[in-house]
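Hi,

Here is the structure I promised to pass on. Have a look at it first, and then read my notes underneath.

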Amino acid sequence: MTTTWDGRTGATALRQFLHALPGVDEVGAHGRAAMLSSRSIKADAKRRAIDLAISMVDLTTLEGADTPGKVRALSNKALRPDPLDISVPSAACVCVYSDMAGIAREVVGDAVHVAAVATAFPSGRAALAVKQADTQDAVQRGADEIDMVIDRGAFLAGDYAKVFNEIVDIKQVCAGAHLKVILETGELATYDNVRRASWLAMMAGADFIKTSTGKIAPAATLPVTLVMLEAVRDWYLATGVRIGVKPAGGIRTAKDAIRYLVMVNETAGPEWLTPDLFRFGASGLLNDLLMQRQRMSTGHYSGPDYVTID
Amino acid sequence: MDDRVEVRKTYKLFINGVFPRSESGRTYPALDSKGKLLAHAALASRKDARDAVLAARAAQPGWAARDAYSRGQILYRIAEMLEGRRDQFETEITRCEGLSARRATGVVNATIDRWVWYAGWADKITQVLGSSNQVSGPYFNFSVPTPTGVVAAVAPARSSLLGLVSVIAPIIVTGNTVVCLAAPEKPLPAISLAEVLATSDLPAGVVNILTGQPHTVGPWLAEHADVNALDLSGVDDDSLATEMAVGAAGTIKYALPPCDSDWTLDPGLGRLSAFMNTTTVWHPQGR
């Protein structure tokens, strides 16, 4: 795979390119994910993995009931996840709806990133002009990362060029903000579609490809993330550019997070073990990581009474 | 000639309503009163204890939120199931504790009666332990006992069924959930009790039973920050009791001291009140 679509040769060429991608062996993907998740992790490696995972968390709140107070509290938590232990690293980012981006930015300053979901999140059902306006608004309010959703309806109908052009058009108004493209793999039905959507997003200029909105089950799973990691690895081999991956939704325990890190290391490579190239979209995960960290530093099991409620 | 191969029971742990093997895969021999092998019981590890606490924590709010009457009915149901399995329990304690058949029947009777007695307290304990307090001002002032949360208990080493039930029942009837370490030398009645609990409408995770050595698992439970209280009734080793009490002191926990006494005596309300906190509320008197 050394050629990519150049964006000028028409919708048919794009379809031909995506459908020429090799199919995903579903049983093989499940088997590989299961094998990698049974690796034994020794205490020292675990300690480092937990800190790395904390620094990769996109601390997320995407509820209709989000208040400025909740966003401020969450932003403070991203800055200092464990108020009693300054050796805990900051989270990577606060991820909120675009109207809350300004509030998050006020709290975190330049210390952590602020991501805003834009483009008619989570359904993606709106006119392009509306999606662009949503994106511009988020950037103006201080978001330096934009999490956009693709138009799954168009993708599933086979209108790949529409999806491609939409990503390009959103990227144009991002004004330098990092663009994460949410594939919503739970709605794409097959791993072949996940691979096609990953390539489509990367060719259109995504800086990150993200599994899910968190509003649809199943959200992130190990096999789906494996397929996406293979895509960014193949893209790197073809173009020399490293694209990030963000599984989001459904990752709740430190154990899960470490399984993902093992898979990143074994699939894309150790270069991806940085918050610049791998993120976890989560809210509850951070507390479990903190409890495991407390378990390792105090020598006894911790509990939910000993971490902050967000 | 009878060439049928007997189907033997694998004794496992009871965590979150299901029967897993120990996470470590290890077992240990359970002997009868004459030192003959009865079965191999699962040897719980600290990770099994951790899983059990997670299950107990997840089950606790829902169990406490049930109305007391409903908790009482579920406990009565358990007593019905115990009655249906009395032959199995009699056989097991005859072999484990070396009792005569007549005395084993007496112990099973006492066990079922003890369970029913505690079941009856479900919707009465608040009236007895709670109070309406006199205050200076136009207020109602109530003190209400509320469940402590997740309790870790060590069951009595000698009384493998009556002692076990006398420890578990008062903890759960008030809305707590429990992780109980069964008598290490006589674990089989505990697992049979778990089979009763698993088939009597008791929500998963309210009772979790681990078989194994209190020395290895007990201190982890005592230090666990998500365990709210400790019942050391069955700890017959002073140094372990001290170690667990010291471990519990690192976090806020109530610890009931060791007391492996005569379990046939009237238990009183001590065990019920031990695992409840008192909440006092003020309410303005209306007109």
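**What I found**

Let me start with burial: of the 310 residues in chain A, 51% are buried. Do keep in mind that this is a predicted model.

On overall dimensions, a compact globule with 310 residues would have a radius of gyration near 19 Å, and chain A agrees with that because its own value is 19 Å. Along the principal axes, the C-alpha atoms of chain A fill a box of roughly 60 × 45 × 30 Å. The contacts in chain A reach across the sequence, too: if you take those between residues at least 6 apart, 74% of them join residues at least 24 apart.

**The sheet**

Chain A has 12 helices and 8 strands. How are the 8 strands ordered in the sheet? They run S7-S6-S5-S4-S3-S2-S1-S8 in chain A, as an open sheet with parallel pairing. At the edges you will find strand S7 (244-246) and strand S8 (280-282) of chain A, each of which pairs on one side only. On average, neighbouring strands of this sheet are turned by 25° against each other, ignoring direction.

If you want one pair to click through, try strand S1 (residues 57-60) and strand S2 (residues 93-97) of chain A, which are joined in the parallel sense over 3 bridges. One residue to pick there is A:Leu59, whose bridge partner in S2(A) is A:Val94.

Two helices that lie across strands are worth pulling up as well. Helix H5 (residues 101-108) of chain A lies across S2 and strand S3 (113-118), and runs at about 175° to S3(A). Helix H10 (residues 222-239) of chain A lies across strand S6 (208-210) and S7, with an angle of about 170° to S7(A).

**Backbone oddities**

Some background for this part: most peptide bonds are trans, and most residues other than glycine have a negative phi. Here are the exceptions I noted.

Where are the cis bonds?

- A:Phe121 and A:Pro122 are linked by a cis peptide bond with omega near 0°. A:Pro122 sits in the loop between S3 and helix H6 (128-140) of chain A.
- The bond from A:Ala217 to A:Pro218 is also cis, with omega about 0°. You will find A:Pro218 in the loop between S6 and H10 of chain A.

Then there are two alanines with positive phi:

- A:Ala175 has a phi near 50°, positive although the residue is not a glycine. A:Ala175 belongs to the loop between helix H8 (160-172) and strand S5 (178-182) of chain A. Is A:Ala175 buried or exposed? A:Ala175 is exposed, because 12 other C-beta atoms lie within 10 Å and the cut-off for exposed is 12 or fewer.
- A:Ala189 has a positive phi of about 75° and is not a glycine either. The loop between S5 and helix H9 (191-203) of chain A holds A:Ala189. With 11 other C-beta atoms within 10 Å, A:Ala189 is exposed.

**Where the chains touch**

Finally, the contact between the chains. Chain A puts 7 residues into it, and chain B puts in 7 residues. Sorted by class, the side of chain A that touches chain B has 3 nonpolar, 3 polar and 1 charged residues.

Over to you!

How values were computed. Residues numbered from 1 in each chain as written. Chains lettered and ligands numbered in written order. Predicted model: local features only at pLDDT ≥ 70, side-chain atom pairs only at ≥ 80, totals over all residues. Nonpolar A, V, L, I, M, F, W, Y, C, P; charged D, E, K, R; others polar. Helix = DSSP H or I, 4+ residues; strand = E, 2+ residues; numbered from the N terminus. Rg over C-alpha atoms; globule rule 2.2 N^0.38 Å. Buried ≥ 20, exposed ≤ 12 C-beta atoms within 10 Å, placed from the backbone. Pairing = 2+ DSSP bridges. Axes fitted to C-alpha atoms, helices over the stretch in contact; angles between N-to-C directions.
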